[in-house]
Amino acid sequence: MITKIDHLGIAVRSLDEAVPYYENALGLKCEHREEVASQKVRTAFFTAGETHIELLEPTSPDSPIAKFLEKNPAGGVHHVAFATTDIGGQLKQAAGAGVKLIHEVPFEGAAGKLVAFLHPKSTYGVLTELCAPKA
Ligand code: ZN
């Protein structure tokens with residue numbers, strides 16, 4: 001079951017440039033920074049109520065975020081992540097509904113969560129992440 005929007009993933013060229021905007025203009029606090037080697041990104045997390053903001057900076061030209069920034073030079077919303085209580089069941093449900101999965105098997109993302117992505121060609125243009133606490 002999906003319980004909430006866990007976070008919005010936002011692509012930025014530079015965490016060092018973007019973090020002060022969230023801190024100074026919006027008054028949010030950067031709570032966590034982490035490099036996710038498997039996705040070739042550095043991340044910074046903010047909390048806005050029940051939802052988080054995940055800033056994503058590429059660490060390599062072949063990072064998915066570097067490719068996104070080629071198409072969207074100013075950066076922008078990269079993905080929407082839903083929290084689910086059962087990531088395996090959620091993936092089965094999506095696949096059963098005809099959705100193309102990017103990951104059939106969840107992997108460890110930022111903050112030690114299990115994550116998997118649905119292909120934007122199947123989700124009306126929104127790269128969709130499912131995430132669950134690691135059991
Ligand atoms: Zn994410």
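The following exchange asks how some descriptions of this predicted model are justified.

Trainee: What makes His 7, Glu 54, His 79 and Glu 129 donors of the zinc ion?

Mentor: A donor is an N, O or S atom within 2.8 Å of the metal. His 7 and His 79 each offer NE2, Glu 54 and Glu 129 each offer OE, and the distances are 2.1 to 2.2 Å. These atoms therefore meet the cut-off. Along the chain the donors follow the spacing H-x46-E-x24-H-x49-E.

Trainee: Why is the site of the zinc ion called irregular?

Mentor: The angles among its 4 donor atoms run from 83 to 168°. Tetrahedral would require all angles to lie between 85 and 135 degrees, so that label fails, and the site is classed as irregular.

Trainee: What does the pair His 7 and Glu 54 tie together?

Mentor: Parts of the chain that are 47 residues apart in sequence, because His 7 lies in strand S1 (residues 2-11) and Glu 54 in strand S4 (residues 51-58).

Trainee: How do you know whether His 7 and Glu 54 are buried or exposed?

Mentor: Buried means under 20% relative accessible area. His 7 has 3% and Glu 54 has 7%, so both count as buried. In S4, 6 of the 8 residues are buried, and the strand is mostly covered.

Trainee: What makes S1 and S4 a pair of strands?

Mentor: Pairing needs at least two bridges. S1 and S4 have 5 and run parallel, so they pair. His 7 has His 52 as its bridge partner in S4.

Trainee: Which strand forms a hairpin with S4?

Mentor: That is S3, with 2 residues between the strands. Gly 49 in the turn has a positive phi of about 65°. Strand S3 (residues 41-48) and S4 are antiparallel over 8 bridges. Within this pairing, Thr 43 stands opposite Leu 56 and Phe 46 opposite Ile 53.

Trainee: Why are S2 and S6 called edge strands?

Mentor: The open sheet has 8 strands in the order S2-S3-S4-S1-S5-S8-S7-S6, with mixed pairing. Strand S2 (30-36) and strand S6 (107-108) each pair on one side only, and they are its edge strands.

Trainee: Is Val 36 in strand S2 buried or exposed?

Mentor: Its relative accessibility is 8%, and the limit for buried is under 20%, so Val 36 counts as buried. Leaving aside residues up to four places away in sequence, Val 36 touches Val 41, Thr 43 and Ala 110.

Trainee: How do you know on which side of helix H2 the buried residues lie?

Mentor: In H2 (residues 64-71), the buried residues are Ile 65, Ala 66, Phe 68 and Leu 69. They cover an arc of only 160° around the axis, which puts them on the same side of H2. Residues three or four places apart in an α-helix point the same way, because there are 3.6 residues a turn. The cover over the buried residues of H2 includes S1, S3, S4 and S5. Glu 70 and Lys 71, on the other side, are exposed.

Trainee: Which strands do helices H1 and H3 lie across?

Mentor: Helix H1 (residues 15-25) lies across S1, S2, S3 and S4, at about 160° to S4. Helix H3 (residues 87-96) lies across S1, S5, S7 and S8, at about 5° to S7.

Definitions and conventions:
Residues numbered from 1 in each chain as written. Predicted model: local features only at pLDDT ≥ 70, side-chain atom pairs only at ≥ 80, totals over all residues. Heavy atoms only, no water. Donors = N, O, S within 2.8 Å, 3.2 Å for Na, K, Ca; no water. Tetrahedral: all angles 85-135°; square planar, octahedral: opposite > 155°, others 65-115°. Helix = DSSP H or I, 4+ residues; strand = E, 2+ residues; numbered from the N terminus. Buried < 20%, exposed > 50% of the residue type's maximum accessible area, 1.4 Å probe, protein only. Contact = heavy atoms within 4.5 Å. Axes fitted to C-alpha atoms, helices over the stretch in contact; angles between N-to-C directions. Arc of directions from axis to C-beta.
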